[in-house]
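Hi everyone, thanks for coming. I'll put the structure up, and then we'll walk through a few spots together.

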Amino acid sequence: MQRTRRLRKTPLVREMIAETRLHPGMFVYPYFVIPGKNIIQEIKAMPGISRFSSDALVKDAEKGLRAGVNKILLFGVGEKKFEDARMAWDQNSIVAEAVHTLKKNFGEDLYVITDVCLCAYTTHGHCGLLKDDYVQNDTSLDVLGRMAVAHAKAGADMVAPSDMMDGRVAVIRERLDREGLETIPIMSYSTKFASAYYGPFREAADSAPGKGDRKSYQMDFRNAREAVREAKIDEAEGADIVMVKPALAYLDIIRAVRRHTALPVACYNVSAEYSMVKTAAAAGLIDEERIVMENMYAFSRAGAGIIITYHARAILENKWL
Ligand code: PBG
Ligand code: ZN
């Protein structure tokens, strides 16, 4: 008989042979920043997550920092929307202001990543510029490039394009380099699927497309080979980190991308994945801590070295690791 149970007998021996380990350093916590002063708006669709004005964000980030939440991903919400998304690259945008304030307060103690995408800035809510009901690729690239530069100039440590236009990593890299921002890395949402799991986020970021869907630019979830191709293209264009999004229903994709690149691989544990856990836990159906940690180990086991999750704050504050 093969007695595999020998190594499961006590907590210490189980700990000793654990194949997967999580570290506080691998977590990234998303934040939604809005215009105004001293404002905290709870997001109903995402229990425990709020939108903050930049002054309130500084206070909240300080609390998070004490628990070890030292990497954040910023989304700008509530900016004035234009057909050409011009506030996206405005040096006085709410994101630029928030980045500036955060870096002034925390310097290198807080690593600030910004989401680069047009959907919260366009009147139509698409991630690129729209013409004849089609999201235009090449004209959107210029805007995305300007947006990344504006964020980096404001002090962002890293930019994260989430739009899924072809060629955007190369354009952003070139624009950053041209501005003397060659030390700013790009974390590409390289492998982002058109997914119903973004539902609560679109309420949070007020970024739902007014008409149509995102299937002409985000990936079809039936495709795994194409997912690897997307990651490799972004690597060739100069991405420093590639990402798989969503995460839970896409563990096979995380694994496949991990096998095909030497770059760090991140996964994004998205809004509906979060909200489903929170509502089921509030209903008493599941144990939040145990479910959350089982999910985090699954991401790590699949091959993600970086986990972007709305649970990061609770994991670190409550010492669930
Ligand atoms: C915008 C963007 C989305 C998310 C991150 N960036 C939504 C979308 O593509 O519609 C989803 C994040 C989440 O659901 O938590 N490009
Ligand atoms: Zn978008």
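So, let's start with a question: where is the place of S300? S300 sits in helix α10. And before we go on, please remember that this is a predicted model.

Okay, S300 is buried, because its relative accessibility is 15% and buried means under 20%. Who does S300 touch? If we skip neighbours within four places in sequence, S300 is in contact with T20, R21, L22 and M26.

Let's stay with α10, because... well, look at how it meets α9. Helix α9 covers residues 271-282 and helix α10 covers residues 288-302. Their axes come within 10 Å and cross at roughly 155°. Angles over 145 degrees count as roughly antiparallel, so α9 and α10 are roughly antiparallel to each other. The crossing of α9 past α10 is right-handed. On the α9 side, the residues that meet α10 are V277, K278 and A281. On the α10 side you can find E288, I291, V292 and N295. Sorted by class, that contact has 4 nonpolar, 1 polar and 2 charged residues.Now for a second pair of helices, α4 and α5. At what angle do α4 and α5 pack? The angle is about 45°, and the axes are 9 Å apart. That makes α4 oblique to α5. As for handedness, α4 passes α5 in a right-handed crossing. From α4, the contact uses L141, D142, L144, G145, R146, A148, V149 and A152. From α5, the partners are R168, V171, I172, R175 and L176. By class, the residues of this contact of α4 with α5 divide into 8 nonpolar, 1 polar and 4 charged.

Let's zoom in on α5, which runs over residues 168-178. Which residues of α5 are buried? They are R168, V169, V171, I172, R173, R175 and L176. And α4 has company here: the buried residues of α5 pack against β5 (111-116), α4 (138-154), β8 (158-161), β9 (187-192) and α7 (225-237). If you follow the chain just past α5, you get to G180, which takes a positive phi of about 75°.

Speaking of positive phi, have a look at two aspartates. D132 has a positive phi of about 50°, although it is not a glycine. D133 has a positive phi too, about 60°, and D133 isn't a glycine either. Where does D132 lie? D132 is in the loop between β6 (129-131) and β7 (134-136), and D133 is found in the loop between β6 and β7 as well. Are they buried or exposed? D132 has a relative accessible area of 71%, so it is exposed. D133 counts as exposed too, at 58% relative accessibility. The cut-off for exposed is over 50%.

Next, a couple of loops with prolines in them. P209 is in the loop between α6 (199-205) and α7. At 16% relative accessibility, P209 counts as buried. Now, how many residues apart along the chain are P209 and G125? They are 84 residues apart, and yet their C-alpha atoms are separated by 4.1 Å. Leaving aside neighbours within four places in sequence, P209 is in contact with H124, G125, H126, R202 and R214.

The other proline is P246, in the loop between β10 (241-245) and α8. The thing to look at here is the peptide bond from K245 to P246, which is cis, with omega near -10°.

Last stop, on the other side of α8 in the sequence. T261 is found in the loop between α8 (251-260) and β11 (265-269). T261 is buried, with a relative accessible area of 10%. What does the side chain of T261 reach? It reaches the backbone nitrogen of L263, at 2.9 Å. Not counting residues up to four places away in sequence, T261 touches E235 and V242. You've met E235's neighbourhood already: α7 takes in residues 225-237.

That's the tour, so please shout if you'd like to go back to any of these spots.

Notes:
Residues numbered from 1 in each chain as written. Chains lettered and ligands numbered in written order. Predicted model: local features only at pLDDT ≥ 70, side-chain atom pairs only at ≥ 80, totals over all residues. Heavy atoms only, no water. Axes fitted to C-alpha atoms, helices over the stretch in contact; angles between N-to-C directions. Helix = DSSP H or I, 4+ residues; strand = E, 2+ residues; numbered from the N terminus. Parallel < 35°, antiparallel > 145°, perpendicular 65-115°, else oblique. Left-handed = near helix turned anticlockwise from the far one by under 90°. Contact = heavy atoms within 4.5 Å. Nonpolar A, V, L, I, M, F, W, Y, C, P; charged D, E, K, R; others polar. Buried < 20%, exposed > 50% of the residue type's maximum accessible area, 1.4 Å probe, protein only. Polar contact = N/O pair within 3.5 Å; in protein donor to acceptor, adjacent residues only side chain to side chain.
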